[in-house]
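User: I am new to this structure. Please take a close look at a single part, the places where chain C meets its neighbours, and add what helps to place them.

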Amino acid sequence: MSNYIPTVGIEVHCELKTNTKIFSNSINGYGQMANALTNVVDLGYPGTLPTLNKEVLNLAIKAALILNCKIRRQMHFDRKNYFYPDNPKNYQITQAETPIGYDGYVEIEVNGKKKKIEIEEIHIEEDTCKSTHRGTKTLLDFNRAGVPLIEIVTKPCMESGEEAKLYLEKLRELLFYSDVSDCKIEEGSMRADANVSIRKEVSDSFGTKAEIKNIGSISNVKLSIDKEIERQSKLYDNGETFQPQTRRFDSKLNDTVLMRIKETGNDYRYFPEPDIPYVYITDEQIEKVKSTIPMLPDERKEKYINLGISEVNAKKLIGNRALSDYLNELLEEKINFKTASNLLLGDISAYLNKNETEITKTNLSKEKFIELTNNISDGTITSKNLKEIINTIMESEKSIEEIIKEAGIQNITDNSAITEMIRKIIDENKESVEDYKAGKDRAIKYLMGQVMKESKGTLNPSMAMDILKEELNK
Amino acid sequence: MKYLDKTIEEIHEALKKKEIKPIDLVEESFERIEKNKELNAYITLNKEEARKRAQELEEKEVGDNLLFGLPIAVKDNIITKDLKTTCASHILENFIPIYNATVVDKINENNMIIIGKTNMDEFAMGSSSRTSYFGAPKNPWNKEKISGGSSGGSATTIAARDVLFALGTDTGGSIRQPASYTGIVGMKPTYGRVSRYGLVAFASSLDQIGPMTKNVYENALLLNVIAGADDKDLTSAEKGKEDFTRFIGKDIKGMKIALPNYFMSDIVTEEIRNEVEKAKKILEENGAIVDYVDMKYLDKAVTLYQIIAMGEASSNLARFDGIRYGYTTENPKDIEDLYLETRKNGFGKEVKRRIMVGSYLLSGENAKIYYNKALSIRDDMKKEFDRIFKDYDLIIGPTTTTTAYDLTDPMDDPSKSFMDDVLVIPVNMAGLPGLSLPIGFGKENMPIGLHIIGNSFEEATIYQLASFLEKKLNLDLNPRKDDENV
Amino acid sequence: MNDKLTKEEVLHVAHLARIKVDDDEIEKYQVELKQLLNDVDKIKDVEGYDEERMIAPWPKDTILREDEPGEMLNPKEVLKNAPKHSGNYIEVPIVISESEGA
């Protein structure tokens, strides 16, 4: 197979997290009984008119801001006319001429190098209704009809499935963190289409394009793009050509399959929507939206690492937004953040997972968490103790101090008692002491292990280590 | 029982003194409608519900509301909950809406009683109401003549004195032109003055609901009821409460009125021009200044209208697909067949023609060549009106180029229905208010109307001039001889 | 100026509009649609106009809707006017081709 330069562009449809639909005041919800979340506007009843939801604008502005887009100050909506049973009015209200955001970018890291994925535009539009095919019938559920969407369109600026994957992961993280969308691909609140073409040289014009529609997961986006590049390369290698077409990813075949050849110029008969007057966006509105954007993942990661959290933990925390948000409330506190991050990702996460709950729903107040972190840092509570009392910590309203007392945790902090115990261990393990003196590192770890075992974990490890070293060096 | 021929104040007093009850007015209306059955003004009568409402109103205080307990007819493209709304089309022949238009809510809140749904051109597309699936209404002045359109049924029932009040809709003259043909008063308010929520859209940027009545005062009273911003219609305007009758009775001394030359060109019959000249003279004799003016783009209005109205209609009527409501074809082979057969059988000829042309006008490059260019010229035309309104309070002209023609006149010329509205269309293009006032009769004793155009949201000034002329002319506008009255 | 559209042109617009045109109707449409198109072609003669458009005579201030839920229909009402339904769903013949839209 010869080498070709692939060109990939991605279109993402993303449902916005609003209370109500874009053009009506029925509820924007998921998982309800069919046709229980609709009104006459959503059903396209004769005589009904669209009313634009303010919050849709705010969320779209927010998306434009975090994707570094310019924001249009005067815009209107357009009608895209096409007949389809999932399209209640047989036209979709969208923004063809004046997308709210344009000329933006998202930065990703490909093989250690930063790359800007250019965003062509972001526009606002309404979702269609959901169809289910059953036998010779198609069943329509209008709950989704009129759910607000933004469509984010990149320039054809990616060169591989991997880049597309990184872009989508980054995009999802950004939109999720800024509360623009749930970004639940499995529930369809985020959907991606990929446009793929290949060419021989950079100087060549773009090759024939294939569009891959509605891919169900980010990993399948990567896979389907790579498969499509491979398919097109083979065709060109064999001296064949193909027509512009729409394909879909078949997860059983693990490959793309042809849906249809594109008709030349879909005739959507766009024209400006007369029912919605011009919408103007002011500087004040943009500033107001800006102030609602929480700290985004990149900034969080940098902050965490600066506070002494390992890169691995920093990434894990960002992967769990609830924990990251929790930690962000404590960034000004004087605590050991390495310990705090281990605590959050270790025993606390385990507790939350086991009990299928969220950190904000537990009794772990900020104050309690700080107390706990400090007690662990100074050795008052050992990891073994923690496992015993974690449930109480999370569930009771008592302070850490009270919990420790009630659990009868009395770590040996009396130096002489510790010294006595350590001397006993040294006497019983002559061989290891020899090894230690011969410079074998492992020996001290073994001895320390014996000390902890003997004390049943009630020793403050750092204190014990200090005394052990002291005794060994005598 | 002839209360409906009395003045509104007299009726109001009688209601107040409990000499009559709303049910008496309702019964009288139904009797008159029954007697005038051959005029074919109604598609659906609201008999049971209207009587029920009338009885409910007996429990309520009449108060100072002049419209309390009065029957009103509503054009059948305005959505009425639980009352069949057909748009005079086979495709909605059995459609029973599940919500109310905002104007219908307002009528109900004001304790008026909806008596029935009036006949019209199918989806308001036409100028003679002859495209109605239910046959054309007839002109009470001469049953061989059209009532005009598209609000032909509302015009007919008012002219015939079945009711005092009716609602019409006006996309390109559909209130004013039939008002002129039937000798009644019809107002198309400023675009945005009345909520369009619940008006089945023909051309969204042009449509407007307005009052149709036998005189100017009652017209202004009805506008008081239906006007106002609506949070269900983003194109409705927040203007605050105003009394549209407030200038009625004032003189017109010093009022500056423009009469565009195009409106008095030879596209208009001589008898109509003569009546307009007579009206002009009366105005001048009473201290108004009336100047002939030149206005650009008036002669382009029909072309713009054809492009914009048909373009928008092709999209607005796409929702009639046999899936969620309305007529559907039996046993379609597949989804395409469902669309094709439903829309073929459901729509009439005129509607289909306009949808097809509209689809063509928006397809591919045509959107630019036709639609966008039309929107640009439309903007220029509005600016031309703005220029005139810098110097003038009102613009006048004839409402129509001829008086009502024969019901049997050929309908095979697809351009004809547009040309009937050549004088009234510019007002819709610019979103301005316009009213037709009866000012005389032609050779065949058919009414002639004067078109009075105001600047945006200046309906009260239009009513001022209209009521002044109405009083001066003092015409007998009841087409029914006394012995015909109930 | 032709006084007729071609048959193909008529069938094309009929397809866009999803209106079936029978064979015996085509001829009539060829003439009638062409006449209307000749009418609108007059716009091509208009020159010296300003590009600025008036989409509609909109009010100057648009008041957008607050994001607060309102009343909804119950599924029974949704189905009330639908010619075909099954369970809580509105029903159409099976749709095989994919949506062209969103």
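Analyst: What follows describes the contacts of chain C with chains B and A, and then the layout of chain A. The model is predicted.

Start with the helices. Helix α11 of chain B covers residues 349-362, and helix α2 of chain C covers residues 23-40. Their axes come within 10 Å and cross at roughly 50°. An angle between 35 and 65 degrees falls outside the parallel and perpendicular classes, and therefore α11(B) is oblique to α2(C). The crossing of α11(B) past α2(C) is right-handed. On the chain B side, the residues that take part are R353(B), M356(B), V357(B) and L361(B). They meet E32(C), L33(C), L36(C), L37(C) and V40(C) in α2(C). By type, this contact has seven nonpolar residues and two charged ones, with no polar residue.

Chain C also meets chain A, this time through strands. Strand β9 of chain A (residues 137-141) pairs with strand β2 of chain C (residues 89-93) in the antiparallel sense, over four bridges. Within this pairing, L140(A) has I90(C) as its bridge partner.

Strand β2(C) has a partner in its own chain as well. Strand β1 of chain C, residues 85-86, pairs with β2(C) over two bridges, again in the antiparallel sense. Here S86(C) is bridged to Y89(C). The two strands form a hairpin with two residues between them, and G87(C) in this hairpin takes a positive phi near 60°. Strand β2(C) is thus paired with β1(C) and with β9(A).

Chain A itself is divided into domain 1 (5-285), domain 2 (295-406) and domain 3 (415-472). Between domain 2 and domain 3 of chain A, the C-alpha centres lie 30 Å apart.

Chain A also holds a helix pair that can be set beside the one described above. Helix α1 (residues 54-66) and helix α4 (residues 283-290) of chain A pack at an angle of about 75°, and their axes are 9 Å apart. Angles from 65 to 115 degrees count as roughly perpendicular, so α1(A) is roughly perpendicular to α4(A). In α1(A) the contact involves N58(A), I61(A), K62(A) and L65(A), which meet Q285(A), I286(A), V289(A) and K290(A) in α4(A). These residues divide into four nonpolar, two polar and two charged.

Key:
Residues numbered from 1 in each chain as written. Chains lettered and ligands numbered in written order. Predicted model: local features only at pLDDT ≥ 70, side-chain atom pairs only at ≥ 80, totals over all residues. Axes fitted to C-alpha atoms, helices over the stretch in contact; angles between N-to-C directions. Parallel < 35°, antiparallel > 145°, perpendicular 65-115°, else oblique. Left-handed = near helix turned anticlockwise from the far one by under 90°. Contact = placed C-beta atoms within 7 Å. Nonpolar A, V, L, I, M, F, W, Y, C, P; charged D, E, K, R; others polar. Domains from an automatic or database assignment. Pairing = 2+ DSSP bridges.
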